[in-house]
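Reader: I would like a close look at a single part of this model, the pockets and the helix that takes part in lining them. Please take me through that part in one connected account, and set it in the context of the chain.

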Amino acid sequence: SDFLLPITRRVSIRSMENANELAATFMTIQEVGVEHAVLLPRSWLRIAWDVIATALVLYDLIFVPMESVGMRTHAHTESWALSLVCAIFWTLDIFVGSITSYENPDGSVERNRNKVLLRYARTDFPVDLAIVILTWVAMNVQNRQILLLSM
């Protein structure tokens with residue numbers, strides 16, 4: 001997988017002289033090891049992840065308000081299954097966010113694992129954690145409602 005880069009280097013894409021230097025910068029996870037790799041913020045994998053996240057947010061924006069006022073948009077089991085997919089996705093998003101490198105103001109990509117984790121902990125982690133906790137609590141409530149309705 002070429003979407004992971006070593007965290008030991010700080011390389012400015014703008015300062016690279018030629019394509020060979022750029023190609024040499026991209027290392028696979030087998031070459032650097034899992035503990036020394038981070039996800040690039042503009043990699044195809046991160047962009048795909050963000051597209052899925054956007055689709056799930058749009059789903060929540062449309063269907064959660066409808067269901068909260070009593071409009072049944074899906075059967076209870078379908079609704080629960082979609083909620084489970086969302087809960088699992090947002091839980092995994094904490095891991096993905098914690099390994100996603102970031103761009104510095106000078107255009108270089110920060111790959112230092114500790115700096116990436118520290119920045120994530122200070123910025124997105126509190127919001128991500130709140131979303132995950134609320135999602136799993138809502139799943140628990142929804143599961144209990146389905147059990148009560150089936151009795």
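Author: By class, the residues that line the largest pocket comprise 12 nonpolar, five polar and two charged ones. This pocket belongs to a predicted model, and its volume is about 580 Å³. Its lining is made up of 19 residues, and those nearest the centre of the pocket are Asp60, Val64, Ser83, Thr135 and Ala138. Two or more lining residues come from each of helix H3 (44-68), helix H4 (76-98) and helix H6 (125-150), with H6 giving the largest share of the lining, nine residues.

The second largest pocket holds about 290 Å³ of space. It is lined by 17 residues, and the closest to its centre are Arg46, Gly97, Thr100, Tyr120 and Asp124. The elements that each give two or more residues to this second lining are H3, H4, strand E3 (102-103) and helix H5 (113-122), and H3 gives the most, with four residues. By class, the lining of the second largest pocket divides into six nonpolar, four polar and seven charged residues.

H3 therefore deserves a closer description, because its length can be checked against what is expected of a helix: at 1.5 Å a residue, its 25 residues should span 36 Å, and its end C-alpha atoms are indeed 36 Å apart, which agrees. Along its course, H3 bends by about 25° at aspartate 60, and Asp60 is also one of the residues that lie nearest the centre of the largest pocket. Beyond the helix comes glycine 70, whose phi is positive, near 100°.

The buried residues of H3 include Arg46, Trp49, Ala53, Leu56 and Tyr59. An α-helix has 3.6 residues a turn, so residues three or four places apart point the same way. Among these buried residues of H3, Arg46 is also one of the closest to the centre of the second largest pocket, while Leu56 is among the residues with the most contacts inside the largest nonpolar core. That core has 13 residues, and Cys86, Phe89 and Trp90 are likewise listed with Leu56 for the most contacts within it. H3 and H4 each supply at least two residues of the core, and H4 gives the most to it, with five residues.

Strand E2 (residues 37-39) can be related to the second pocket through leucine 39, which is found in that strand. The C-alpha atoms of leucine 39 and threonine 100 are separated by 4.5 Å, although their positions lie 61 residues apart along the chain when counted as an offset, and Thr100 is one of the residues closest to the centre of the second largest pocket. Leucine 39 counts as buried because its relative accessibility is 3%, under the 20% cut-off. Alanine 37 lies in strand E2 as well, and it too counts as buried, because its relative accessibility is 5%. The C-alpha atoms of alanine 37 and asparagine 112, which are 75 residues apart along the chain, are separated by 9.0 Å.

As for the chain that holds these parts, it has six helices and four strands, and, read along the sequence, it follows the pattern β-α-α-β-α-α-β-β-α-α. Of its 151 residues, 34% are buried.

Technical notes. Residues are numbered from 1 along each chain as its sequence is written. This is a predicted model: local features need pLDDT of at least 70, side-chain atom pairs count only at pLDDT 80 or more; totals for chains, interfaces and linings use all residues. Side-chain values use heavy atoms; hydrogens and water are left out. Buried means under 20% relative accessible area, exposed over 50%, partly exposed in between (1.4 Å probe, protein chains only). On a 1 Å grid over the protein atoms alone, a cavity is a set of points where a 1.4 Å probe fits but cannot get out, and a pocket is an open set with protein on both sides within 12 Å along at least five of seven lines; lining residues have an atom within 4 Å of a point. Grid points are joined across faces, edges and corners, and a volume is the space filled by probe spheres set on the points. Ala, Val, Leu, Ile, Met, Phe, Trp, Tyr, Cys and Pro count as nonpolar, Asp, Glu, Lys and Arg as charged, and the others, Gly among them, as polar. The expected span of a helix is 1.5 Å times one less than its number of residues. The bend at a residue is the angle between axes fitted to the seven residues ending there and the seven starting there. A nonpolar core is a set of buried Ala, Val, Leu, Ile, Met, Phe, Trp, Tyr and Cys residues joined through side-chain atoms within 4.5 Å.
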